[in-house]
Amino acid sequence: MNILRNVFLRREAGIAVMIVLFCLCVGAVKPRFLTLDELRIILLLTPLILIGAMGQMLVIVARNVDLSIGSMQGFAAMVTAMMFKFHPEIPWFLGFIVAIGVGVALGFVNGALITLFRLPAIIVTLGTLNLYRGLTFIISDAKQIDRQYVPSALKSMSNTSPIFDIPWIIFMALGVTLLTYAFANHSRVGRQVFALGSNPTAAPLRGIRVTAVTLMVFMISGALAGLSGIMYASRWGFVNPSNTGFGFEFQVIAAVVIGGVSINGGVGSVLGVFLGVMLLGCVSAALPLLGIAGASQSAIYGAVIVIALLIDRSVRLRGVASLAALRARA
Amino acid sequence: MTTMAEGAKDTPLIAARGISKSFAGIEVLRDIDLDLARGEIHALLGENGAGKSTFAKIIAGVHRPTRGTLALNGAPVEIPSPIVAQKLGITLIHQEPISFPDLSVAENLVLGRSDGSPLGRVPWAKMTRDAKGLMDLLGVKIDVVKPMRGLSIADQQMVEIARALASDSRLIIMDEPTAPLTPKEVETLFDIARRLRDEGRTIVFISHRLEEVRALCDRVTIFRDGAKVQTDTIGNLTDADIIRLMIGRPLREYMKKLGAAIGEVALKVEGLTLPGVFSDINLEVRTGEIVGLGGLVGAGRTDVARAIFGVAPAASGKVTINGKAVVITEPAQAIDLGLAFVPEDRATAGIFRSLPVEQNITAAAPGKIAPNGFIRRAVERTLATDSVRKLRIRLASLRQPIGELSGGNQQKAILARWLLTDPSVLILDEPTRGIDIGVKAEFYDMIGELAAGGRAILLISSELPELLALCDRVLVMSEGRLTANIPRAEATQEAIMSAAVPRSGREAVAA
Amino acid sequence: MTDHTAPHRVSALDAAAARPRWQVILIRPETMTFVLLVAAVIVSSLLSPYFLDINYILASFTLYAEFSLVALVLTIVIISGEIDLSPASNMALSACLFAWTYRAGLPMPLAILVGIGSGMLMGVINGLLVIGLELPSIIVTIGTLTLYRGLAQIIAGDQSIRLPQYFIGINTYLIAGVPVPVLLFIVVSIVLGFVLGATIWGRQIYQVGTSEIAARHAGIRAKRIKFTLFIVVGFASSIAGLITASRLGSVRYDLGLGGELQMVLMAMLGGTYIFGGRGSILGTFLAAWLLSVISTGMTTANLLPATQLCVLGVLLIVSIVATNLIYSRTQR
């Protein structure tokens, strides 16, 4: 009956199983991996990617892609950090508004270029990826904002909170995840995003305002990238024009693809993406324990993207869609 | 269920006056005056390209008329978009239903309805309940929580109808709805249509299937070549009358086949099987012979053709060409062996839309224009010019993009492409679909000449008159199997139709 | 006898009239590129009189010759309907493997073979994933670009692998006054331009890019063509990687970092249609020079590398807007 649904459910369950298996395997070699301290480390690796992945998921579900989130994170972080440095009198929590606001503006530029000129998102965001990174260098004069300028209240958000000593940023990331879930599954606009990705030609015929929805998803992606920017400052304590956000987009895309979001749009689940991020977090945390150099992280992410695509394809082929796909293929 | 009282009792629901429509300078509708009454099932009949679909799309807001006026319940009205049409209570159900395949049935029903702004929560529980209610009302068993992707075409149509009901449509236009349906599904559809009519709604039924029109409709309007020929109650017209009005002359005079000498077996297929699509297909085509392959949409005919040609090979079976057993895994091989395939969907699988006509014509014969790898433009030009002359392709220049040509001329160019490969076996898949009547006649002549010239032709067609007129034998497929092999002398529309319908429904077909 | 004079209406135009020839020749993206190139040279010469010296232009082009070489092949890949974002990482990994095997004791010719072979192998991997397994090329090559760069990082770590003196400085050798890499670029452009424009394979590449389904139906071996193209890109990348290594004198894992942007930019500035089916070697050829003039000009004007990056990003966007506009205007 619900063959497709079952396939989907299998996907999330499958990721969960992979996580458990992976942790058990690593734990067998290095028992330290299975401690609460380690869990804390893993969790601390993930909040930024989790937030970014929520935004990217919406973009990809709408049958687009946003390659510029890393540069948006860098730019938003730099703007906020410079504000802290040169105007320390401003209350630190306003930094959140600044970062998110900057992100929204950058996302709007992306969305406007894509909808106004009907340009492929891939190329536009490839362009803005470089544009925003360059702007980051320019406004900061290629200089890093050091630890002493980042408000300690902000930094402590990554260390602790009154609730079980779990850092605030983890709650924030979980909060964003829950919000995205509510948005994607229980709001009309959210369902329109899925509809748009599922059949972009039918969408206008059904009263979906394609331009507005597309702009919206890119602005959300930007907002979340901006949020991840100030969280970067919180987590690492400094902002650097070349490092902050560098390679972020690849980690996020890896998580999203693992999480079962289809490149063709219309399909994706928040739970799946969450599990994908967790899996990547476990893998990243395991690497230093196993003595694998940090340099190989990129390689692993790349391999992970490819493997996830392979799994995606074999799962799809076994689904009900296979017959129609067989006929549709030339 | 709804109040239909608006305007005087006799006021037609829709009154069209002088509706005309041109596309890029080509007039497809001319001065249509037509009334659609409330509480009737009204058929629009006509050949492909006669204008019936275009007219319906104008009423549904998909196209805007170049001239003419529309009135809804006596009041003048403009219908600039499908969304406006929906608000006015007009729904168009396409032949291939539009849906969001990844969303559930319930969501597809609700999306786009003008109730409530996009902001706001999705009332899942209510949505599911309402959707179930609609399905029950239609008497259809569809799980509303399932994604649309898994549904059959018939079920997707039902969902479209449910959408129309949910938005209280007073005019529901169905565009060739029965092509992909089994007779049982057709009966369900007709029952629903009758019930809707009895409630006071209007149904417009576009088709060229006379028996269905006769079974279902109250009045019928016949279109021919962009003009309205006649509107009448169905009881006042015989089938012969209708055909005469549709085509303009009696059927028999319209198409004639040249006699050709039939020789050896050129194409032989044995036990061809692709699980889930078709099974145990056995057929033979001899040189000089035109073998028809009829059946309903979805019976698997195109799949068989694609399997023979190597586009989507079969899982098992034997293919023999001119006496030699072959295994074909890709079209390039098939071409080398003397096969040619004119696909059904020329827009996607046929033409290179933005490339010059010249290149399109020579695309399948690289050996002729570039024997050493370097393209010889003079040779190409000559070959293309020859083809244009022989097939009477009308164009402004060989260098223009083929997308600028009309459908009929594009199809001629595709045929020219395949003729350049000197095939011994030609598989034609719905070659005259969407083509002007005059050009159709040219095609029939060409097909006849090809056979007379010694080629073996397999003609896949859904147009029964075409099969009857051109073919020496008519094979029929149903649900992936061959169900009939009818010689010309015994071939009738009924014989083909009854072999085409699925076995379960065969008793249900009226005598 | 069928009556062809049947009273049906066939309008006088069975097809739209063709465009006048001069329009076809002039309104193309390559013209835009050429105009931009001329404009860029003029503007740059105002910044610095060096730009009027052909030798200066040639010498400064050597910095971009490697990317340009690969961009030529990348253009053909895009015309065929696919995309490959991994060449820059391919360059790095090929060069790293070459340098590492050389340092490990392999004789130079063999090390070079290793470099080239690994480049082609990377192309094969891309090809298998995209063509064999039918995965979307954009995501696959994002994955492989990360993977290859990461592998380069593993092999070379943070170090520069020095190369022997005789290998260094290929860009300083001149043939007929032209630096070798630039000459190679020009020669390859001519060859590829000829192949694409005058041979049946070139024609078929355009057809595959216009409609892969129609191409398959017409008997064109689309998959074979695309797979071959991926391997050729890999080959070109490895050569480019070696040339870069020679120019820089040493190999680091970050060789060619950011190169994918520049290559795609060259293809786009040259009027290649991102969705396939249109583009030309001439366009990319002109665009490569254009980019070189712009980049060198920016450096001469003392623009920060960051600013230059911005400019490139903006250029990319502007170039696709313009290309799309031109293509949509000339298509009915």
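Which residues touch the most other members of the largest nonpolar core? Select A:Ile305 and B:Ile457: these two hold that position among the core's 366 residues. Keep in mind throughout that this is a predicted model.

**Stop 1: the core**

Color chain B by domain. Domain 1 covers 263-338 + 423-511, and domain 2 covers 348-422. Both give residues to the core, so the core lies between them.

Now center on B:Ile457 and show its contacts. Leaving out residues up to four places away in sequence, B:Ile457 touches B:Val285, B:Ile290, B:Val291, B:Leu426, B:Leu428, B:Ile447, B:Leu450 and B:Ala451.

**Stop 2: the six-stranded sheet of chain B**

Switch to cartoon. Chain B has an open sheet of six strands in the order β16-β17-β18-β13-β19-β20. The pairing is mixed. Select 339-342 and 481-487 of chain B to see the edge strands, β16 and β20, each of which pairs on one side only. On average, neighbouring strands of the sheet are turned by 20° against each other, direction ignored.

**Stop 3: the β16 edge**

Which strand pairs with β16(B) in the parallel sense? Select residues 425-429 of chain B: this is β17, joined to β16(B) over four bridges. For one bridge, pick B:Ala340 and its partner in β17(B), B:Leu426. B:Leu426 is also one of the residues that B:Ile457 touches.

**Stop 4: the helix on the sheet**

Select residues 493-500 of chain B. This is helix α19, which packs on the sheet. Helix α19 touches β13 (290-295), β19 (473-478) and β20 of chain B. The direction of the helix makes about 30° with that of β19(B).

**Stop 5: the β20 edge**

How do β19(B) and β20(B) run, parallel or antiparallel? They run antiparallel, with six bridges between them. Pick B:Val476 and look across to β20(B): B:Ala484 stands opposite. Then follow the chain round the hairpin, where two residues lie between the strands. Check the backbone at B:Glu479, which takes a positive phi near 50°.

**Stop 6: chain C**

Hide the rest and show chain C. Its secondary structure comes to 13 helices and four strands. The radius of gyration of chain C is 22 Å, and the globule rule gives 20 Å for 332 residues. The two values are close, so chain C is as compact as a globular protein of that length.

Align the view to the principal axes. The C-alpha trace of chain C spans about 85 × 50 × 35 Å along them. Color by burial next: 54% of the 332 residues of chain C count as buried. Finish with a contact map. Of the contacts in chain C between residues at least 6 apart in sequence, 78% join residues at least 24 apart.

Notes: Residues numbered from 1 in each chain as written. Chains lettered and ligands numbered in written order. Predicted model: local features only at pLDDT ≥ 70, side-chain atom pairs only at ≥ 80, totals over all residues. Core = buried A, V, L, I, M, F, W, Y, C linked by C-beta atoms within 7 Å. Buried ≥ 20, exposed ≤ 12 C-beta atoms within 10 Å, placed from the backbone. Domains from an automatic or database assignment. Contact = placed C-beta atoms within 7 Å. Pairing = 2+ DSSP bridges. Axes fitted to C-alpha atoms, helices over the stretch in contact; angles between N-to-C directions. Rg over C-alpha atoms; globule rule 2.2 N^0.38 Å.
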